[in-house]
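Let's take a friendly walk through a protein chain together. Have a look at the picture below, and then we will go through it step by step.

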Amino acid sequence: MFETFEHKADIGVRGKGNTLESAFEECAKAMISVIIDIDSIEPRKSHVIKLKSSDESNLLISFLNELLFLKDTKKMIYSKFRVKIEESAFENNLKEFTLKATCFGEKIDLKKHDFLVDVKAATYSQLRVVQEDKIFVAQCIVDV
Amino acid sequence: MKIRKIKKDIYSLEKEERMNISPKIFANQEIINTLKRDELKNQNNSLNQLKNLSSLPGLKGVVALADIHPGYGAPIGSATASDLREGVITFASTGFDINCGIHSLVLPITAKELNKKKKEFAESLFKDIPAGVGVGGKLRIDSTQMDELLKGGAEYVVKRGYGKKKDLNFLEEKGRIKKIDVTSVSLKAKERARDQIGTLGSGNHYCEIQEIEKIYDLKSAKKFGLIQGGTFVSIHCGSRAIGHQIGSDYLPILDSAVKKYGININNRDLVCAPFNSEEGQKYFSAIKAGTNAAFANRQVIGVLVKRSFEKVFGLSESEVKTFYDVGHNTAKIETHKFEGKKRKVLVQRKGSTRGFGPNNLAIPKNYRVVGQPVIVGGSMGTNSFILRGTKEAMNETFGSTIHGAGRSMSRSEAISKINGEDLLKKLFEKGIVIKAHSTKGLAEEAPLAYKNIIDVVNTMDLTNISKKVAKLKPIICIKG
């Protein structure tokens, strides 16, 4: 499930799921729902995002920011996601997380889509990627 | 946390734990009470952020202004001055919306004359100024041109036919910060900005046509060329997506820098790098490039307003005067006095306007004797103000002052309490024409969601940090 939460100047976005991947998927939906009525987006086209990061929380931020990048450059907005995350371990306790996300959505159509407010970026503020009682939570504040 | 009263409307947050400096707060009793209440209620409160910010190394000064409210990491309505050798450049003190600010114009007609064609002008502006989510501008910039734009700022768009050279005299830094390494900005950031120069954006960004309702200080108003009953234009926006992408690109770089240089930060929101490090210098250069993009963006929108005005009122666009342009999310090297000694420092202002006192060479010649104009944007449907910078600001706040009213209600609270359509109707009854790309988004920016701007402005006036010159009343508001 996804939800937004209170912040004085900006908005918090949160995704919860049985897996880390589904928490990421839901968090992305939460962010998209801040920008637009998410139900108005049809999954007409798909796009694959591949990202790497040294920790899960930076991976979440990169994933969300990549969706904003695609909105501004390709004018594409996505509403459904299939995320895969892989963890590799190296020497000296170094880790690397790889994300592959297939995103489904369509080109922005101002006649069809009802926009609420633009999101500038995902931030480190209240950034949490954790597992609580078997439920994975992925959240942060987005700057609007 | 302990707040000590220094004198009327000036307080200090007492040093504790890891704080390196005791920040001054310019606020009235009511604002202080709200800050204290908020401290008990929310973890993410302004005082806690101010405390964390004051724990960074190499600080020469930290101030909070009357419009203070929680941001991420640094409170909005705050400014820091950092030593160039010992200090850091902090992400949260400039933020994603690099050089967000206000560009302003004086129209050559009275409010009475403007009111006769109010609706027509509003329609025309709404059509001519690209705004809202996913909307691009007419000015397309290829990758070579993008580097020129980042180096040239407003000067670059003037060369491309947007405005006159003389306009540049009335922009902070003359619309261009020099010495930029364009490789500090990623190709992604440049790509994201390609069709965004000359667009308003969304959220709290707006273009407002205002009546100069009241003059407080005749002498300064005369120098500024403002008369009661005249008309004024405020364009509030920033560097758009290039600033957002620069921020997104540098967050992980600064995150690593904190570990690399072993900087003690109380909160991940405060990621930073030593100013005098490779990461710090690169980030500073990227901020400067973003700053120039914002100057260029606002200059283009200013010209679009001038052209729209010419179309509707039949007066030449050259009769519209560029009044001033000043940012409120910035990072700059400035010279200020600390402990009696002049020194160069890195000044970062987050939701804080530069407000230099009289006779400073950075101020346009025509305005110099009275001080720098400070444009304080109201919330939708409320007054805005023009203030002037003072000698006291130079001594007390390293030339920093307020930028707006400051939020008092969260966005979701505003949406649950306020209906966008009702709000439009109410404002229309007050004679204000609002044209918005999203009525749902409108409720978030309702006047009720903000502090009372008059209290905020009066606090700065009373403490002599910025003096009131004129009060503006909205006539037309174009929202993203």
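## Charges

Let's start with charge, keeping in mind that this is a predicted model. Chain B carries 78 positive and 50 negative charges, and the mean positions of these two groups lie 4 Å apart.

## Overall shape

How big is the box that the C-alpha atoms of chain B fill? Along the principal axes, the box is roughly 60 × 50 × 45 Å.

The radius of gyration tells a matching story: for 480 residues, a compact globule would be expected to have a value near 23 Å, and chain B has 21 Å, so the two agree.

## Building blocks and packing

Turn the model around and you can look for the 15 helices and 19 strands of chain B. Of the 480 residues in this chain, 66% are buried.

Now think about which residues meet. Among contacts in chain B with a separation of 6 or more, 74% are between residues 24 or more positions apart.

What about the outside? The accessible surface of chain B is about 17600 Å², and carbon and sulfur atoms account for 49% of that surface.

## A closer look at one residue

Next, find Asp249(B), which sits in helix H9, spanning residues 241-260 of chain B. Which residues does Asp249(B) touch, not counting those up to four places away in sequence? They are Ser186(B) and Ala189(B).

You can also compare Asp249(B) with Cys237(B): they are 12 residues apart along the chain, and their C-alpha atoms are separated by 21 Å.

Methods:
Residues are numbered from 1 along each chain as its sequence is written. Chains are lettered from A and ligands numbered from 1 in the order in which they are written. This is a predicted model: local features need pLDDT of at least 70, side-chain atom pairs count only at pLDDT 80 or more; totals for chains, interfaces and linings use all residues. Side-chain values use heavy atoms; hydrogens and water are left out. Helices (H or I, at least four residues) and strands (E, at least two) are DSSP runs, numbered from the N terminus. The radius of gyration is taken over C-alpha atoms; the globule rule is 2.2 Å times the number of residues to the power 0.38. Buried means under 20% relative accessible area, exposed over 50%, partly exposed in between (1.4 Å probe, protein chains only). Contact means heavy atoms within 4.5 Å. Accessible areas come from the Shrake-Rupley method with a 1.4 Å probe; for residues, only the protein chains shown count as cover. Lys and Arg count as positive and Asp and Glu as negative; His and the chain ends are not counted. The place of a charge is taken as NZ of Lys, CZ of Arg, CG of Asp or CD of Glu.
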